[in-house]
Amino acid sequence: MSVCVCGSGGEFEDCCAPILAGQPAPTAEALMRSRYVAYVVGNLDHLERTNMPEAREAFNRLDADRIVEETTWLGLEVRRIIAGGVDDLTGQVEFVFRYRQQGQTLMQHEFAQFCRENGAWRYQSSEINPKSPPVHVSKIGRNDLCACGSGKKYKKCCGV
């Protein structure tokens, strides 16, 4: 037995192998992980089979085959999961994968959408290099109370 390359820490035979063989993925995350493994092992049938119809139409098998041939896959990191559980109808998975092509080590960040089709999880679409919402920073004035909770004015406490 070997550890699955999807990064889950599970054994391949218990993790992604059944999904690659056609068993429905229990969650959107499990499907996403199995799709990464499909690229690693060159199982393009799994990629096509697990696409929603609109994604299936956009899937270019020749490009995917070229990517599989030219790429060394270096790892997958799941960053965030929104819904996509066993009882959900839709889910989103944010992830980053690293790879090597033509001597360069690269990474890709994606936020993927999944939904159920006839009870089975399917890949719908993804946004590459998603932007996070802007961060609003409020400026502390010299005469405001210090944020550390001391009860002193900022200028007499941490603002020194």
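How many helices and strands are there in the chain? I looked this up before anything else. The model is predicted, and I count five helices and four strands in the chain.

**Order of elements.** I read the elements from the N terminus on. They run α-α-α-α-α-β-β-β-β. The five helices thus precede the four strands along the chain.

**Overall dimensions.** I looked up the radius of gyration next. The chain has 22 Å, whereas a compact globule of 160 residues would be near 15 Å. I then took the spans of the C-alpha trace along its principal axes. They come to about 65 × 45 × 35 Å.

**Burial and surface.** I asked what share of the 160 residues is buried. Buried residues make up 32%. The exposed area of the chain is about 9900 Å². Carbon and sulfur atoms supply 50% of that area.

**Contacts.** I restricted this entry to contacts between residues at least 6 apart in sequence. Of these, 40% join residues at least 24 apart.

**A nonpolar patch.** Which residues make the nonpolar surface patch of about 210 Å²? I find V5, V40 and V41. I followed V40 further. V40 sits in helix 2, which covers residues 28-41.

Why can V40 count toward a patch? Its relative accessible area is 31%, so V40 is partly exposed. Patch residues need over 30% relative accessible area, and V40 meets that cut-off because its value is 31%.

Terms used. Residues are numbered from 1 along each chain as its sequence is written. This is a predicted model: local features need pLDDT of at least 70, side-chain atom pairs count only at pLDDT 80 or more; totals for chains, interfaces and linings use all residues. Side-chain values use heavy atoms; hydrogens and water are left out. Patches are made of residues with over 30% relative accessible area and no salt bridge: like charges are joined within 9 Å, nonpolar side chains (Val, Leu, Ile, Met, Phe, Trp, Tyr) within 5 Å. Accessible areas come from the Shrake-Rupley method with a 1.4 Å probe; for residues, only the protein chains shown count as cover. A salt bridge is a side-chain nitrogen of Lys or Arg within 4 Å of a carboxyl oxygen of Asp or Glu. Helices (H or I, at least four residues) and strands (E, at least two) are DSSP runs, numbered from the N terminus. Buried means under 20% relative accessible area, exposed over 50%, partly exposed in between (1.4 Å probe, protein chains only). The radius of gyration is taken over C-alpha atoms; the globule rule is 2.2 Å times the number of residues to the power 0.38. Contact means heavy atoms within 4.5 Å.
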